[in-house]
Amino acid sequence: MAARTMHSKVVVIGSGPAAHTAAIYLARAQLEPVLYEGMMANGVAAGGQLTTTTDVENFPGFPTGVNGSKLMDAMREQSVKAGTKIVTDTVVNLDLSRRPFQFGLEYAPGEVHTADAVILATGASAKRLGLPGEDVYWQQGISACAVCDGAVPIFRDKPLFVIGGGDSAAEEALFLTKYGQHVTVLVRKNELRASSVMKSRLEDHKKVTVRRLAQGVEVKGDVDELVKFYRAKYGHEAVGGENGIDVKILTPEDKEKWVKEDQKKYQRRKMTHLVVEFTTTTEKGEIIETKQETVEANGLFYAIGHNPATELVRGQLEVDTEGYVITQPGTPFTSIQGVFACGDVQDKRYRQAITSAGTGCMAAMDAEKYIADLEVEEAARKKATAANGSASTNGTASTNGKI
Ligand SMILES: Cc1cc2nc3c(=O)[nH]c(=O)nc-3n(C[C@H](O)[C@H](O)[C@H](O)COP(=O)(O)OP(=O)(O)OC[C@H]3O[C@@H](n4cnc5c(N)ncnc54)[C@H](O)[C@@H]3O)c2cc1C
């Protein structure tokens with residue numbers, strides 16, 4: 001059976017703020033965009049990174065903050081209302097060497113999709129360390145974005161830690177000094193990779209301590225108290241999964257208490273301590289000893305980089321050494337005409353919802369212009385073909401403009 005083919009003038013791949021902003025602009029320009037929102041693409045749910053956070057307090061228009069998932073639901077709703085067609089599937093291959101561009105989907109392998117223009121808005125995901133306790137306290141003390149989360153009350157006047165040794169780590173730490181009581185930067189190696197300016201700013205700051213040859217190895221918090229309580233009462237098996245209490249094992253009284261009181265406490269879990277491993281070495285770098293210390297820590301910020309979702313275009317579009325799509329400065333233009341990139345997939349500096357939305361708008365406006373130019377070229381080509389056709393068929397039977 002022949003593969004079903006679906007052609008669009010312009011498609012958007014992704015579903016974060018960049019993708020939906022692009023789609024809203026394209027739909028309003030009557031380009032009938034199709035947006036492929038992904039199904040856990042790159043490990044992130046449709047709606048993008050903001051679906052993994054609770055309060056977003058810096059997106060304009062929401063003076064009391066907005067829940068990340070609700071914000072993305074609203075963007076999706078606006079896209080659909082404007083006229084975007086949304087396909088809930090992940091684009092798994094994309095051929096940019098042919099025109100129209102051609103791509104396929106994970107859950108509809110029999111279909112061939114094509115587009116005259118592609119907007120790539122596949123985002124990025126923060127690298128994690130996979131420490132014990134990381135899943136329990138992710139967004140409950142652990143964050144990968146100081147600018148996004150640093151101002152929330154749980155970090156005010158509290159001891160905070162940053163992991164990383166580059167410029168981003170230095171920037172995050174300096175930002176956090178506005179809120180935290182003290183900021184400790186843990187650097188795994190014996191030296192900071194940050195530029196000398198950032199290094200000095202960090203080392204000279206009275207609220208910052210840089211600890212070299214130091215790394216976080218476990219995150220602890222108040223859920224542990226609850227776990228300990230149930231373990232003492234019911235034995236080891238009362239604790240199920242990574243962070244849960246197996247409620248089936250509780251007595252009816254405890255179950256009721258669990259629902260009414262403990263679960264609230266459990267849901268309000270937050271990190272309180274970090275286990276740090278310090279290494280001492282000789283001048284030549286030979287390890288003399290390693291020791292672990294549990295230190296008070298109410299915040300842990302990862303500044304160890306992000307993974308841009310660019311597997312689809314590797315080897316086709318120009319990407320930098322970290323895999324980010326290279327765009328012409330100040331524009332969404334990539335190395336291939338008709339392919340535009342916006343949001344975190346091409347931005348390792350700002351990485352904010354509002355900047356992603358801004359570049360989504362730019363990508364849509366440039367894609368609109370690109371398609372308009374294509375249509376003018378196509379009309380001119382057809383006119384020339386028709387003119388050639390009528391010249392060559394002058395005095396012969398009509399060919400209906402076809403050669
Ligand atoms: C925990 C957390 C909290 C944050 N808090 C804030 C904040 O308070 N304020 C702020 O401004 N920013 C915040 N950010 C940053 C913000 O979320 C990002 O800058 C923004 O979401 C990037 O938007 P984007 O459109 O580029 O892509 P993303 O949000 O990364 O979304 C990309 C989407 O594309 C999908 N996708 C990927 N590949 C494919 C494919 N092949 N086919 C189909 N779909 C695909 C992914 O599944 C994903 O859903 C936070 C980030 C995190 C992780």
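In the hairpin formed by S17 and S18 of this predicted model, 5 residues lie between the strands, and Gly285 among the hairpin residues adopts a positive phi near 95°. Helices (H or I, at least four residues) and strands (E, at least two) are DSSP runs, numbered from the N terminus. Strand S17 (residues 271-281) pairs with strand S14 (residues 214-221) in the antiparallel sense over 7 bridges, pairing being assigned where DSSP finds at least two bridges between two strands. Within this pairing, Gly216 stands opposite Val276. S17 also pairs in the antiparallel sense with S18 (residues 287-296), over 9 bridges, and Glu277 is placed opposite Gln292 in S18.

The largest nonpolar core (buried Ala, Val, Leu, Ile, Met, Phe, Trp, Tyr and Cys residues joined through C-beta atoms within 7 Å; buried, 20 or more other C-beta atoms within 10 Å of a residue's own, C-beta atoms being placed from the backbone) comprises 52 residues, and Ala22, Ile119, Leu120 and Ala121 have the most contacts inside it. Helix H1 (residues 17-28) gives the most to this core, with 8 residues. Another core, of 34 residues, lies apart from it and includes Ile142 and Phe301.

The average pLDDT (the predictor's confidence in each residue, from 0 to 100) is 89, and 89% of the residues score at least 70. Over residues 395-403, pLDDT stays under 50. Residues are numbered from 1 along each chain as its sequence is written. As the model is predicted, local features need pLDDT of at least 70 and side-chain atom pairs count only at pLDDT 80 or more, whereas totals for chains, interfaces and linings use all residues.

How values were computed
Two residues are in contact if their C-beta atoms, placed from the backbone, lie within 7 Å. A residue is buried if 20 or more other C-beta atoms lie within 10 Å of its own, exposed if 12 or fewer, and partly exposed in between; C-beta atoms are placed from the backbone.
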